[in-house]
Amino acid sequence: MSEFPAGAAGVIPELALRVSETLARLHQARGVTVGCSAKRAIFRCGKTTLYEYLPLATAAPPPCREPLLVCFALVNRPYVLDLQPDRSLVRRLLEAGLRVYLIDWGDPDDAERRMDLTDYVEGHLGACVQHVRQAHGGAALNLLGVCQGGVLALCYAALHPDDIARLITLTTPVDFHAGENLLARWVRGLDTALLAACGNVPGEVLNALFLALMPLRLTQEKYVRLLTGRPDQRAVEDFVRMERWIFDSPPQAAAALAEFVRMFYQQNALVRGTALIGGRRVDLGQLRQPLLNLYALDDHIVPPEACAALQDLVGSRDYTECAIRTGHIGMYVSRAAREVIPRRIVSWLQERR
Amino acid sequence: METPFSGTGYRPEEAYAAAAQRFFELLQSLSPGAPAAANAGRDWSQFAGPLAAQYEQWLRMSQSAGPWFSAAPGAAFAAGPAAAFGPLPLGPAAVQGAEQQRVWELLARLGQLQAQLAAHWGEIARSAAQRFVARAGPPLASPTLEQTLKLYELWVSCAEEAYAATARGDDFSRLQSELANVSAALLVEQRRHAESLVRAFGLPTRNEVDALYAHIKDLSRRLEELAGGAPSPAASRAPRPQAAKPRRRARGAAKPRRRT
C-alpha cells in the first residue's frame, strides 16, 4: 500500500510523503519472523507443550541451581518473551546462565471447551512442574508467572508450596477491584454461565475487548505515530513483530475463561481467599517462599494497585517488588523493561542462591 | 461495520491505511481550508462541531456493537436483526414457536442496547471536542509539521480522556455486560436450533459429543490409575495431602518489604 487518501497531499505534503514511505516499509516488513532462541518440546499434555530452551554456549555461570519455569497467560502467545534477539527476556535469562522452561498452552479446540482452571492449574501446570522437577533431580523449581499466567502460578504455588522454591510474578493481577480496572468494571455483570454455554471464545473477541479499552490510541494513534515518525526499516520490523503478537491470540476454553471472569474479575477471590481450584481453597498466606513482584506503573490492563496488593496477602517474609514506569506491553518489549527486568530477576535469584 | 480489527482476522495493511486515512481526514477538517474555518475566530470553537461529528461517526462504526459482538464470527447480527443468523444459513424466521419469539426478543433487546450505546458515543464525542477547544490554544495560520503532530496528539489525548470518563461509568459498564449477555444468549439460541436440526438428521449433537468426550477422559484416567503408571493431568487433579498451615501473619503486622 503506497497511496494516501486523495487530498491529503494538499494538506501537508511532507506528512503525506512520510506516511507513504512508512507504508512502503511496512509492506516490505510483512515477512518478518518471530522467536529467536533455540528450544525443544520435551513434554506434551493435551494442547499444552512444555519447552526447554537450549543453554547458550556463552552463558555466564548459573545464578542459582534451580531451573526457571515460565507460566505465561492463556490469552496470549508466550513468544513475546523471545520475540527477537534484542527483545528477548528468555535470551537475557539464558545469557545469565539460567535453565529456562516455558509452557505454551496451545489452542484448545471445541472438545476442550469444558476445560476449567483446575485442569489448567492442577493438570497441565502441575504436570509441567513435575516434569521439570524430575529432569532436575526432583528439587523444587523457580516459577515465573506472567500476567494471567501469574494468577495460575500463584494458585499452584499456594496449593503446592513445596514444589516452588522461589516465585516471580510479572504484571500479575491479584486485587481485581483495585485501581482503574476498566475490564473488571465491564465484566462485572457478565453472565458467566451463559458465557461458558457459548463454547470456546475466539481470540479476536478478547482482542476487540482489549482494543476497546483505549480505542483511538490503540487502533489509530499508534499507527499514525509510526507512519509519521520516519522509522527506519528495522524499527518498522520491530513494530510489525509486536503487532503480529498482539493480534495472534489463541481461543479460550469456555469453562476456564468463564471461571476466570467469575472467580477473579467478579468475585475478587484471591483477595477474599475464596478461590477454589480442584475443590481446595487458594490461600495466598501459604506462599512462604521468596517472592519477586514486577509490575508496570502505566498499565491500562492490569493497574499497578492490582499487582501491588500481593504483598499484603502472602505469608512470605521475603517479598520484593519492582515497579517500572511503562505500560502493559512495555513490560515485555520497552527499552527500560528489557534492561531492568532480566537484570532484576537474575540478581534477585543470585541473592537467594 | 467491518473494520481491520473486526471479523476473524486482523488485517494489518488495512489497519495502517485506515489509520492514515482517518489522520488525513482529521487534518483536512482542521486545516485553514476546511469549511468550518471560513468563519473561524481566534480559537477552535468553530471546529468543535465537525470534530465531534467525525469522532462520533468513527466510534459508531468501530465500536457500535461493543467488543463482544463486533469481533465474533456471527457479527452479521449487528448489521440488522433480519440479517444472516451467524455462520449458519438460518434466519430467525426458520426458528419455530417459542424459540422464534425468544430470538426476536433478544434481537429487539440488542437493538435497544445499541441505541443506548449510541447515546454514549455522542456524549463522548462532544466532550472530547470541548476538551480540545479548551486546551488547543489559538489556531496557527501555517503550523509546522511538529505543531501539527502535537495538535493531533492533543486531540487523541482529549478523545481518550472523554472516552475513559464515560467508559468507567456504571451505565456504560452495565451496557457492556448486557451486550455480551444478549450476544451470548443469541448464540445459545442459535446452537439450540442447530442441535434440533442435527438431531432431526440423526447426527450426534454437540451435547452428546461433549458427554462422550468427558466419558473418554474419565475412562483414560481410570485406566492409567489401574495400570499404575505416571499420573495423567486429570489424575493429578486429585487433592494432595496438605501440610498443616502455619499461622497467618496478622494483617498490618510489620513485614520486611523491599522495593526497588
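**Note on chains A and B of the predicted model**

1. Start with what packs over H11(A). The cover on its buried residues includes five helices of chain A: H4 (117-135), H5 (148-159), H6 (182-187), H7 (192-197) and H12 (269-272). Keep in mind that this is a predicted model.

2. How many of the 13 residues of helix H11 (residues 254-266) of chain A are buried? The count is 11, so the rest of the structure largely encloses this helix. The buried set opens with Ala254(A), Ala255(A), Ala256(A), Leu257(A) and Ala258(A). Glu259(A) is buried too, along with Phe260(A) and Val261(A). Met263(A), Phe264(A) and Tyr265(A) complete the list.

3. Look just past the end of H11(A). Asn268(A) has a positive phi there, about 50°.

4. Chain A also has a hairpin. Its strands are S1 (residues 39-45) and S2 (residues 48-53), which run antiparallel and are joined by six bridges. In one of the pairings, Lys39(A) of chain A has Tyr53(A) in S2(A) as its bridge partner. Two residues lie between the strands. Gly46(A), in this hairpin, adopts a positive phi near 65°.

5. Now chain B. What elements does chain B have? Eight helices and one strand. The order along the sequence is α-α-α-α-α-α-α-α-β, with the strand after the helices.

6. Burial and contacts in chain B are as follows. Of its 260 residues, 31% are buried. Among chain B contacts with a separation of 6 or more, 61% are between residues 24 or more positions apart.

Conventions: Residues numbered from 1 in each chain as written. Chains lettered and ligands numbered in written order. Predicted model: local features only at pLDDT ≥ 70, side-chain atom pairs only at ≥ 80, totals over all residues. Helix = DSSP H or I, 4+ residues; strand = E, 2+ residues; numbered from the N terminus. Buried ≥ 20, exposed ≤ 12 C-beta atoms within 10 Å, placed from the backbone. Contact = placed C-beta atoms within 7 Å. Pairing = 2+ DSSP bridges.
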